[in-house]
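Biologist: Could you take me through one part of this model up close, the packing of a pair of neighbouring helices, and then show me how that part ties in with the rest?

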Amino acid sequence: MSWFKYSSPQTFYPLAGKMLPWFAALAALLGLVGLYIAFFLAPTDFQQGEAYRIIFIHVPAAWMSMFIYAVMAFWAGIGLVFNTRLSSMMAHALAPTGALMTFIALWTGSFWGRPTWGAWWVWDARLTSELILLFLYLGYLALVAAIDDPRRGDKASAVLALVGAINVPIIYFSVQWWNTLHQGSSISMTRAPSMASIMLIGMLVMVFAFWAYSIAAALMRVRCEILSRERHSAWLRTLEDI
Amino acid sequence: MHWSSVGEFLAMGGYGLYVWGAYAVTALIIVAETIALIRRARTLRAETSRSAHAAAD
């Protein structure tokens, strides 16, 4: 089997349709398990009381906001270099979900910051770089929408996505590089996690739920992109099950 | 069980506004995105099969 077989919209469209229900079901299942752990198994935090329970959606959304951007920049770059239209469609399909994840991270962070820091918003390095990420997503989407010729839009938006990718490591390392109000990472590759294991398990389950959801949403949107861009192609007419 | 009543669960130890404010908006966004995608896919599929039939005639 060749992976390149699925690099054309024609072959990827039905494949995405087959994968979609699995990722959607996985997202729902993991979401339910994660929420059960978050609200019924995880204990009260000794410092933050029940307010810390926001972590179970805040951290997954924040991770996905950065991860989706990296994947989006990757596909945009592939589309730019190899001129493959499916790669560019993949990048476009990821952007709205990435923007929503960024918004969720900022919103839940704000609702966590108010009771713990006493402020809805502070101009801290972590928060500011995450806000810049939201503007990068919105700028990318605006650029895609503003250019009528889709192939030119793919190229211009790919350049923006690639330049903006520099912001992802800045967000990630911001808590180390600057003296921020935002706490450092709870999970690190080099040391033991600084949280109770049931809290950690709940958070990781929610991370996988958000990940599966993002894939499902992106697959659904890439199918829409394919339909709207290839609507005059002959292959669409021969498709039995649209 | 962690909570002794529904009221206690909703109160979230006094942080109800913050916890539920965060969760409600997150749920709203995910539900809204899903519905919007399902509707867009349905419209596009209908348009595509219509034009496919038109081409076949």
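Modeller: Sure. A word on terms before we look: two residues are in contact here when they have heavy atoms within 4.5 Å of each other. Keep in mind, too, that this is a predicted model.

With that in hand, look at α4(A) and α5(A). On the α4(A) side, the residues that meet the partner helix are A:Leu136, A:Gly139, A:Tyr140, A:Leu143 and A:Val144. Facing them from α5(A) are A:Ala156, A:Ser157, A:Leu160, A:Ala161 and A:Gly164. Sorted by class, that contact has seven nonpolar and three polar residues, with no charged ones.

Now the geometry. Helix α4 of chain A covers residues 125-146 and helix α5 of chain A covers residues 150-164. Their axes come within 9 Å and cross at roughly 170°. Angles over 145 degrees count as roughly antiparallel, and α4(A) and α5(A) are therefore roughly antiparallel to each other.

Charge does turn up elsewhere on α5. A:Asp154 makes a salt bridge with A:Arg229, with 2.8 Å between the closest N and O atoms. A:Asp154 sits in helix α5 of chain A and A:Arg229 in helix α7 of chain A, so this pair ties together parts that are 75 residues apart in sequence. Over all chains, the count comes to seven salt bridges.

Three salt bridges are counted between chain A and chain B. One pairs the side chains of A:Glu225 and B:Arg40, at 3.8 Å from N to O. On the side of chain A that touches chain B, the elements giving two or more residues are α1, α2, α3, α7 and α8 of chain A. That side divides into 27 nonpolar, six polar and eight charged residues. The contact draws 41 residues from chain A and 32 residues from chain B. Together the two chains bury about 3,200 Å², 75% of it on carbon and sulfur atoms.

Notes:
Residues are numbered from 1 along each chain as its sequence is written. Chains are lettered from A and ligands numbered from 1 in the order in which they are written. This is a predicted model: local features need pLDDT of at least 70, side-chain atom pairs count only at pLDDT 80 or more; totals for chains, interfaces and linings use all residues. Side-chain values use heavy atoms; hydrogens and water are left out. Buried area is the accessible area (1.4 Å probe) that two parts lose on being put together, summed over both. A salt bridge is a side-chain nitrogen of Lys or Arg within 4 Å of a carboxyl oxygen of Asp or Glu. Helices (H or I, at least four residues) and strands (E, at least two) are DSSP runs, numbered from the N terminus. Ala, Val, Leu, Ile, Met, Phe, Trp, Tyr, Cys and Pro count as nonpolar, Asp, Glu, Lys and Arg as charged, and the others, Gly among them, as polar. Axes are lines fitted to C-alpha atoms, for helices over the stretch in contact, and angles run from 0 to 180 degrees between N-to-C directions. Angles under 35 degrees count as roughly parallel, over 145 as roughly antiparallel, 65 to 115 as roughly perpendicular and the rest as oblique.
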